[in-house]
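This report is for a reader who has not seen the structure before. Please look over the sequence and the model before reading on.

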Amino acid sequence: MDIQSLRGMPDLFPEDLEKWHILEKTLSKVFHSCGTKEIRTPLLESTELFNRSVGNSSDIVNKELYSFLDRNDKSISLRPEGSASVIRAIIQKKQEHEKHKLWYQGPMFRYERPQKGRFRQFHQAGVEYLGYEEGLSEYELISMVIQLNQQLGIKKYKIKINHLGDKDTKENFCNALKLFLEPHLDTLHEKDIARLESNPLRILDSKEEATQNLLATAPRFQDFLSESPKTFLTNIVQHFTDQCDIAVDSSLVRGLDYYTGLVFEVVSEDLGAQDAFLGGGRYDHLSKELGGKGMEAIGFAIGLERIIDLMQIQPLQNVQKVAFITVGEQDQQKTYKIAHALREANLSVILDAFLSSATLKSQLKRANKHEHHFAIIIGEEERELGKYLWKDLSAQGDQELLHFEALIDKYKNL
Ligand code: HAM
C-alpha cells in the first residue's frame, strides 16, 4: 500500500494498548485521589494562544508548531502541550477567581525530528493547580509525582529541581549573561546567538560544547537568586530526599517561556537520549499574558510514550474470556438474544461471538488459540434439546448441557 502514516505519528494496536489502559487507569486513580478533576480542551486552538504562552523564543513555537490557515484564513495550530489551553479555558469561562485542581490527558503535536522516545504525535497526561500561591502546592505536586512512580512500579528515576526566581531575577541574569557572551559571539553556535536575542536563559541548557565551556566562567544564575528561593529549594530536597533521588540542577531552565519560580523534570537513565518523562513548574504570569486577570498556576505533564517504557506492571490476566460458538443453521435472532442476555448478566466477562459458519472443530481450535477460558456451543443437537453446551477449555475439559436459566446463572457467577 502506498499510503503510510505520517512520520513520527505511530499507530497504537490492541496489543500495545493493554499497557496503556493500565497506565491511564492508574493515572486517573492517583489524580482522582488528590481531588483533581478532569478537563478536556480542543486539539486545535488559535496559533496566537501558543505564541503568547509557550513563547516565541521556544523551539516549540519557532519550529515545531503544526499551524494551518483554516477556510477563513485564520491561523490555527494543533496543540503542542496542554497548559496554555487550560488557562485559556478558565479565563474564557470567567473562573479565574476560583481555585482549580485539574488534570487532562490526550495527544499533543510537535514537528520534531522523530527518534526513540520522540514523536510528532505523542500523549501527555498533565495536572494544573490554579489559584495556589508558591509554597504548599509545590510539595503536593512533587509528592504526587512520587506516588505516580510508586503506583507504576518505577523505582529508578531522578527528580531535578530549580528555581527561576521572579521576573526581575530572570531579567537581571539575562542582561548579565548577554553582556558576558557578546564579546564571544564568534565562538557561539548560531542557535545560541538566536537564543541570546530571544531568551538568554535557554542558553544554559545548550547542547553545544563551546557554549558550555564559555558558561563555565559566565555569571551563574544561582548568584542572582535571592535567599528565599534558594532556601525553598533546599527545603524541598531535604523533605523528599528519603523518598526518592532529588537534587537541585541549576542548569534546568525548561523549554517553554512561561515559567517563573520552581521548575522540575523527572528523568530516567533507562530511557536513553530523551530521558525526561515528566516536566513542569510554576507559571504565575501566564493568565495575565493571555489577557486574564491573573491567577497563580503550577503543574506538570507526563510523556506517556516515555513513562510506559519504564512501567514494571504486567497486564492484568484475570478477565474471563468465553467463546460463543454457533454451528449449523441457526435462528439468528434467537442466537443474538442469548448473547445479549449473557452480556447483560455480566459485563465484566468477554463474550467473544465468533460469527462464523466454520465447523465446530475449527471454531474450538480458534478458541484455544486465543486463550479463551470457556466456550458456549449451540449446534444441531443443543437446539433439539433446547439446551446449551458449556465447555471448560482448560486441561480438565469438563462440559455440561444447561438450560437457559442455568447458563445465565453460570455466566453471572464467572
Ligand atoms: P514539556 O517538558 O514540554 O512540558 O513536556 C512534558 C513531557 O512530555 C516531557 O517530559 C516528555 O516526556 C514529553 N514529550 C515532550 N515532547 C515529546 C515528544 N516529541 N515525543 C514524546 N514525548 C514528548 C510541557 O509540555 C508543559 N506543558 C508541562 C507543564 C504543565 N508545565 C506546567 N504545567
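The text below takes up an open sheet, a helix that packs on it, two helix pairs and the ligand shell.

The model is predicted, and residue numbers start from 1 along each chain.

**The sheet**

Five strands make up an open sheet with mixed pairing, in the order β13-β12-β14-β15-β16. At its edges lie β13 (350-353) and β16 (399-402), each of which pairs on one side only. From one strand to the next the twist averages 25°.

The table lists three of the strand pairs, with one bridge from each.

| Strand pair | Sense | Bridges | One bridge |
|---|---|---|---|
| β12 (residues 321-326) and β14 (residues 374-378) | parallel | five bridges | T326 with I378 |
| β14 and β15 (residues 388-392) | antiparallel | four bridges | F374 with D392 |
| β15 and β16 | antiparallel | four bridges | W390 with E400 |

Strand β14 thus appears in two rows: β14 runs parallel to β12, whereas β14 and β15 pair in the antiparallel sense. The strands β15 and β16 form a hairpin with six residues between them. In this hairpin, G397 takes a positive phi near 65°.

**A helix on the sheet**

Which strands does helix α13 touch where it packs on the sheet? The helix touches β12, β13 and β14. Its direction makes about 165° with that of β13.

Helix α13 (residues 332-345) also meets helix α16 (residues 404-412): their axes come within 8 Å and cross at roughly 40°. Because an angle of roughly 40° is neither under 35 degrees nor in the range 65 to 115, α13 is oblique to α16. The crossing of α13 past α16 is right-handed. On the α13 side the contact involves A341, L342 and A345, and on the α16 side I408, Y411 and K412. By class, five of these residues are nonpolar, none is polar and one is charged.

**A second helix pair**

Helix α1 (residues 14-33) packs against helix α5 (residues 136-151). The angle here is about 145°, and the axes are 10 Å apart. This crossing, too, is right-handed, with α1 passing α5. Helix α1 supplies T26, L27 and V30 to the contact, while α5 supplies M144, Q147, L148 and Q151. The contact of α1 with α5 has four nonpolar and three polar residues, and no charged ones.

The two contacts can be set side by side. Between α13 and α16 there is one charged residue and no polar residue; between α1 and α5 there are three polar residues and no charged residue.

**The ligand shell**

How many residues surround the ligand? There are 26 of them, and the closest are E81, F122, G279, G299 and G303. Four elements give two or more residues to this shell: β6 (121-130), β10 (276-282), β11 (297-303) and α12 (304-310). Of the elements, β10 gives the most, with six residues. The shell as a whole is mixed in class, with nine nonpolar, 10 polar and seven charged residues.

**In short**

The open sheet has five strands, and α13 packs on it. The same helix α13 crosses α16 at roughly 40°, while α1 and α5 pack at about 145°. Around the ligand stand 26 residues, with six of them from β10.

Key:
Predicted model: local features only at pLDDT ≥ 70, side-chain atom pairs only at ≥ 80, totals over all residues. Axes fitted to C-alpha atoms, helices over the stretch in contact; angles between N-to-C directions. Parallel < 35°, antiparallel > 145°, perpendicular 65-115°, else oblique. Left-handed = near helix turned anticlockwise from the far one by under 90°. Contact = placed C-beta atoms within 7 Å. Nonpolar A, V, L, I, M, F, W, Y, C, P; charged D, E, K, R; others polar. Pairing = 2+ DSSP bridges. Near = placed C-beta within 6 Å.
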